[in-house]
Amino acid sequence: MFDQEDEGTRIGVWTVLAVVFLVVAGLIGGLAIRAMNAAAGGGSVQAGATAGAEALTFVDGPLEGDVVGTVYFAVGQSVLPDGALIALDKAIQAVKDEPKRRVVLSGFHDASGATALNAELAKERAKTVRAALVAEGVDAERIALRKPDVTLGDGAAPEARRVEIRLVE
C-alpha cells in the first residue's frame, strides 16, 4: 500500500491545509469584528476621539476645585458597583446647582501590576462615571477626564480604585 515516503507527504499536505484554514478563518474573523465595530460606531481611535458629542476632553496637571463625589470600584472592574447611583445623587445635584462650573473626573489606580493596564482601567472607570452623569442629565460638554493618577500604597484600600468628581472654575 503506502510506503514511508507517501505517509510523510500525506501528513505534510494535511498540516499545510490546516495552517491555511486557520489563517483564512482568522482573516474572516478579523474582518467580521471590524465590520461589527464599524457598525457599532467604534471606528478607529482617532475617529472615536473626535466624534461629536462623544468627544472626550482630557486635562492634565493639578486641579483646584471642590470634590463633590467619589465612586469606589471593585478590584479590576470598571462597571458601576451596586449602590453607585445613590453615591452619585449628591454629586449630580451639586453639578446641576453649579451650571457655570466644569466637571472633571479623576480616575485612580494603585501602583501594583502593569502601569499601562492600570491607567487604562482608571480611564475606563472615569468614562463609566461620565456615562452615568450624562444619563442623569449632565451636559457631556461640561465633563472632562483627568489623566489617570496613581494612588500610593499597596492597592489594598478602596482609595486606589476610585473616581473623584470635582467641580472646577
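**Exercise 1.** In this predicted model, find the ring that the charged end of Arg162 sits over, and give the distance to its centre.

*Solution.* Start at Arg162 and look for the ring beneath its charged end: that ring belongs to Phe108. The distance to the ring centre comes out at 3.6 Å. Next, check it against the cut-off: a charge over a ring has to be within 6 Å of the ring centre. Now try aromatic pairs too: the count is zero.

**Exercise 2.** Work out the layout of the chain, element by element.

*Solution.* Count the pieces to begin with: there are four helices and five strands. Then walk along the sequence, and you get α-α-β-β-α-β-α-β-β.

**Exercise 3.** Is Val24 buried, exposed or partly exposed?

*Solution.* First, place Val24: it's in helix 1, residues 4-39. Its relative accessibility is 40%. Buried means under 20% and exposed means over 50%, so Val24 counts as partly exposed. Val24 also helps make a nonpolar surface patch of about 350 Å², together with Val16, Val20 and Ile28. For the spacing, recall that an α-helix has 3.6 residues a turn, so residues three or four places apart point the same way.

**Exercise 4.** Check what span helix 4 should have, then see what follows the helix.

*Solution.* Helix 4 covers residues 115-135, which is 21 residues. At 1.5 Å a residue, the expected span is 30 Å. The end C-alpha atoms are 30 Å apart, so the two agree. Buried residues in helix 4 include Leu121, Arg125, Val129 and Leu133. Just after helix 4, Gly137 takes a positive phi of about 100 degrees. For the whole chain of 169 residues, the buried share is 28%.

Methods:
Residues are numbered from 1 along each chain as its sequence is written. This is a predicted model: local features need pLDDT of at least 70, side-chain atom pairs count only at pLDDT 80 or more; totals for chains, interfaces and linings use all residues. Side-chain values use heavy atoms; hydrogens and water are left out. Rings of Phe, Tyr and Trp (its six-membered ring) pair if their centres lie within 6.5 Å; planes under 30 degrees apart count as stacked, over 60 as edge-to-face and the rest as tilted. A charge sits over a ring if NZ of Lys or CZ of Arg is within 6 Å of the ring centre and within 35 degrees of the ring normal. Patches are made of residues with over 30% relative accessible area and no salt bridge: like charges are joined within 9 Å, nonpolar side chains (Val, Leu, Ile, Met, Phe, Trp, Tyr) within 5 Å. Accessible areas come from the Shrake-Rupley method with a 1.4 Å probe; for residues, only the protein chains shown count as cover. A salt bridge is a side-chain nitrogen of Lys or Arg within 4 Å of a carboxyl oxygen of Asp or Glu. Helices (H or I, at least four residues) and strands (E, at least two) are DSSP runs, numbered from the N terminus. Buried means under 20% relative accessible area, exposed over 50%, partly exposed in between (1.4 Å probe, protein chains only). The expected span of a helix is 1.5 Å times one less than its number of residues.
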